[in-house]
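Please look at the sequence and the 3D structure below before reading on. The briefing then goes through the structure topic by topic.

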Amino acid sequence: MHSWIELFPVSASLHADAVDHLYYFLLIVSAFFAFLIFVLIITFAIRYHRSRNPIPQQLGEYPELEFAWAGIPFLITIVMFTWASKVYMDGEIPPKGAQDVYVVGKQWMWKLQHPEGRREIDELHVPVNTAIKLTLTSQDVIHSFFIPALRIKQDVLPGQYRTLWFNANRPGTYHLFCAEYCGTNHSKMIGSVYVMEESDYQAWLAGSDDPRPADAGAKLFTQYDCMNCHGTGQRARGPTLGGLYGTDVLLADGRRVLFGEDFIRQKLMDPGSARIAGFNPDMPTFKGQLSEEQIIDLIAYIKSLTAEGSRERR
Ligand code: CUA
């Protein structure tokens, strides 16, 4: 696209290209039919003007014509639907092994943390040609994490985790926005995304001594005496957590749920709402005691526990 009329923002990922191609198609189809209808209005207005046809004629039936004008748009919309579903699903499901980044939105800033530890505010540094998976939550109201150059946008909700993923293929600096009105300084909840060469990224990562979320989580685990119930000892009153992450657990009410981010958060905030089968409802609530970042740290720690009870260095 020409820079004097920026119909589309810069594209910095294959997903962005895919979204653009779909939009070109939608634009072309819409423009074609808008033009066709416009031309037909004028043509018919002249051709069938009352002065040329003083006595109305009864026309016959044209089933072919009716099938055509129902069938052709139907086929075109099916193409749009299939194509768009494919683009959407590709953008929705992160590939295995994607690198994690945790995002917490709050009035009015984005707080991000890399699994190696480095924290940042309103800035996101990522390596080029690497799949990045964002896990996002809000600590107050609904925000929306939006990177136009990557064609990704996700509502960020309090009390829940949402994920987004991307693989940026063009180094550069791009806009980061909040795309949901979230109060007075919503318009200032903006920042930059830096897509860097791998070596630059590693150098950047090394420039901080923020603890890794999993390590900070291990500390919290001890600090809040979680070991007393979730340790491996005989007196364990709760399930041992090693190897549990990512598996299905059976609840006391018969439901099977994924032991993942949302479940851990729910257990910490409202333990009674999801009791694991075979255990007493002894777990206290940590509501009001843990910040969103601390919950993410604990999740990172639990995720790092292997079935043998040791920690996995990721
Ligand atoms: Cu956060 Cu708008």
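What follows covers strands, helices, single residues and salt bridges. The model is predicted. It includes an open sheet of five strands, a helix α6 that is largely enclosed by the rest of the structure, and seven salt bridges.

**The five-stranded sheet**

- The strands of the open sheet come in the order β4-β10-β9-β6-β7, and their pairing is mixed.
- The edges are held by β4 (123-127) and β7 (152-156); each has a single partner strand, so one side of each has no neighbour in the sheet.
- From one strand to the next, the twist averages 20°.
- Inside this order, β9 (residues 172-178) and β10 (residues 191-196) are paired in the antiparallel sense, over five bridges.
- One position to look up is H175, whose bridge partner in β10 is S192.
- Helix α3 (residues 198-206) lies across β4 and β10, and it runs at about 130° to β4.
- As a general point, strands of a sheet pair through backbone hydrogen bonds, in either a parallel or an antiparallel way.

**Strands β1, β2 and β3**

- Strand β1 (residues 99-106) and β2 run antiparallel and are joined by five bridges.
- These two strands form a hairpin with two residues between them, and K106 stands opposite M109 in β2.
- Strand β2 also runs antiparallel to β3 (residues 119-121), with three bridges joining the two.
- Here Q113 stands opposite R119 in β3.
- The hairpin of β2 and β3 has five residues between its strands, and G117 in the turn has a positive phi of about 120°.
- Strand β2 (residues 109-113) is mostly covered, with four of its five residues buried.

**Helix α6 and residue E261**

- Seven of the nine residues of α6 are buried, and the helix is therefore largely enclosed by the rest of the structure.
- The buried residues are E261, F263, I264, R265, K267, L268 and M269.
- They pack against β5 (131-138), β11 (248-250), β12 (256-258) and α7 (292-304).
- Is E261, which lies in helix α6 (residues 261-269), buried or exposed? Its relative accessibility is 12%, so E261 counts as buried, the cut-off for buried being under 20%.
- Leaving out residues up to four places away in sequence, E261 touches K133, T135, Y161, Y245, I299 and K303.
- E261 and N167 are 94 residues apart in sequence, and their C-alpha atoms are 22 Å apart in space.

**Helices α4 and α5**

- In helix α4 (residues 213-223), the buried residues are P213, A214, A216, G217, A218, L220 and F221.
- The cover over these buried residues includes β1, β2, α5 and α7.
- Just after α4, D225 takes a positive phi of about 60°.
- Residue H230 is in helix α5 (residues 227-230), and H230 counts as buried because its relative accessibility is 19%.
- Apart from residues up to four places away in sequence, H230 touches F221, G238, P239, T240, L241 and M283.

**A nonpolar surface patch**

- F32, L36, L40, F44 and Y48 make a nonpolar surface patch of about 480 Å².
- One of these residues, F44, is in helix α1 (residues 14-47).
- With a relative accessible area of 41%, F44 is partly exposed.

**Salt bridges**

- Side chains of opposite charge can pair when their charged atoms come close.
- The count for this model is seven salt bridges, among them the pair R151 and D20, at 2.8 Å from N to O.
- This pair links distant parts of the chain: R151 is in the loop between β6 (143-147) and β7, while D20 is in helix α1, 131 residues apart.
- Both R151 and D20 are buried.
- The side chains of K86 and D90 also meet in a salt bridge, at 2.6 Å from N to O.
- Both of these residues lie in helix α2 (residues 63-92), four residues apart, which is about one turn of the helix.
- D90 is partly exposed, its relative accessible area being 39%.
- In the salt bridge of K111 with E293, the closest N and O atoms are 2.7 Å apart.
- That pair links distant parts of the chain, with K111 in strand β2 and E293 in helix α7, 182 residues apart.
- At 15% relative accessibility, E293 counts as buried.

Methods
Residues are numbered from 1 along each chain as its sequence is written. This is a predicted model: local features need pLDDT of at least 70, side-chain atom pairs count only at pLDDT 80 or more; totals for chains, interfaces and linings use all residues. Side-chain values use heavy atoms; hydrogens and water are left out. Buried means under 20% relative accessible area, exposed over 50%, partly exposed in between (1.4 Å probe, protein chains only). Contact means heavy atoms within 4.5 Å. Two strands pair if DSSP finds at least two bridges between them. Axes are lines fitted to C-alpha atoms, for helices over the stretch in contact, and angles run from 0 to 180 degrees between N-to-C directions. Patches are made of residues with over 30% relative accessible area and no salt bridge: like charges are joined within 9 Å, nonpolar side chains (Val, Leu, Ile, Met, Phe, Trp, Tyr) within 5 Å. Accessible areas come from the Shrake-Rupley method with a 1.4 Å probe; for residues, only the protein chains shown count as cover. A salt bridge is a side-chain nitrogen of Lys or Arg within 4 Å of a carboxyl oxygen of Asp or Glu.
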